[in-house]
Amino acid sequence: MHRPRSVRDADVAGKRVLVRADLNVPLEGGRVADDTRIRASLPTLHDLLGRGAAHVSVCSHLGRPKGPDPAYAIAPVAARLRELLPDDRIEVLENTRFDPGETANDPDSARRLADGQDLFVNDAFGSAHRAHASTEGVSHLIPAYAGFLLERELEMLVRLLGPVERPFVLVAGGAKVDDKVGVLVKLGERADAVLVGGKMAEQLREVNPLPYEAELPVDVIAAANFAADAESRIAPYDDMPGGWLGLDIGPETCDRFAATIRGARTIFWNGPMGVFEWPRFAEGTKAVAYAVAEADAFSVVGGGDSVRALTELGLAGRVSWVSTGGGASLELLEGKELPGVAAIPSA
């Protein structure tokens, strides 16, 4: 596994530094609704300022605009960052995806970012699997280093790929098997138990692309239609009323999954067990979250929905590592090379 050189080894005193952070946070009413990712960028920024950087330009994407779009302007994010780190040497650049050359990794876009900068620090693990101008292209134009968050993400996730304490339990949920089949194969073959809930469980029951049998729900919270207030009942997984939908794992499955998780010594969890945004269909995800938090294990949680569930329950501080990178985490654990990491010279 490529180990990029660290910003801690860079001479930053008096230098102008470009930092690619992951400030892609949710907005509500023109304000930042969850500043977790902004806070995750602070250690690297504090370090650069503390060691005398003359100026720090922070860049990030926000959402997926196809060009300039006022709805995705970086201003609310910049305002929150300034509240958390009030230093005149910090500048937050406009949304990188307002430049159409960003996602195409256009050399001119990368040059515009690098112009006037002395060095580049990539601290955006959540975007490291994208070969974009601000994540990969600029690394070839000025000296590039890994930020503290990027380093820590690599360190913690790579632990899952080496020798682990057993039992090793992999928990997967969410809507699509296709997005996670690589991880389910790579880690699942090494795991002692693979627990699958959510829409993924239905897909695996119909067609299993895995070289093993995962543990699927035995019961579900079935709903008459896809709505927060839908009529619902507990039903055997293989005997739901006609036309009804399974929107959460049932109580027996909750107990089974939780018992397996609590007995684990190594855990990786990615994906909710149901439509946890709706309180009536959140119990399965809550049961998994509490079990992961209570386990005496090295535990890693990735994926926006899983992280959100942990955070809302106040459990984020009770797991070993909460990854900021959904797709990047999955690709790393599949064994794929991350362009944003590979572009940084080795330590």
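Cys-254 counts as buried in this predicted model, with a relative accessibility of 11%. Cys-59 is buried as well, its relative accessible area being 1%. As for cross-links between cysteines, the structure holds 0 disulfides.

Helix α10 offers a clear view of how one element can be set into its surroundings. This helix spans residues 304-312, and its buried residues are Ser-306, Val-307, Ala-309 and Leu-310. Looking down the axis of α10, these buried residues fall within an arc of 160 degrees, so they line one face of the helix. The pattern is a familiar one: an α-helix has 3.6 residues a turn, so residues three or four places apart point the same way. Turned away from the buried side of α10 is a face that carries the exposed residues Gly-304 and Glu-312.

The cover over the buried residues of α10 comes from helix and strand elements alike. It includes one helix, α9 (283-294), together with the strands β13 (266-270), β14 (298-302) and β15 (321-322). Just after α10, the chain reaches Gly-314, which takes a positive phi of about 70 degrees.

Elsewhere, Pro-100 sits in the loop that runs between β5 (90-92) and α4 (107-114). With a relative accessibility of 63%, Pro-100 counts as exposed, because the cut-off for that label is over 50%. This loop residue also has a spatial partner worth a look in the structure above: Lys-66 is 34 residues away from Pro-100 in sequence, while their C-alpha atoms are 6.8 Å apart in space.

Methods:
Residues are numbered from 1 along each chain as its sequence is written. This is a predicted model: local features need pLDDT of at least 70, side-chain atom pairs count only at pLDDT 80 or more; totals for chains, interfaces and linings use all residues. Side-chain values use heavy atoms; hydrogens and water are left out. Helices (H or I, at least four residues) and strands (E, at least two) are DSSP runs, numbered from the N terminus. Buried means under 20% relative accessible area, exposed over 50%, partly exposed in between (1.4 Å probe, protein chains only). A disulfide is a pair of cysteine sulfur atoms within 2.5 Å. The arc is that of the directions from the helix axis to the C-beta atoms. Contact means heavy atoms within 4.5 Å.
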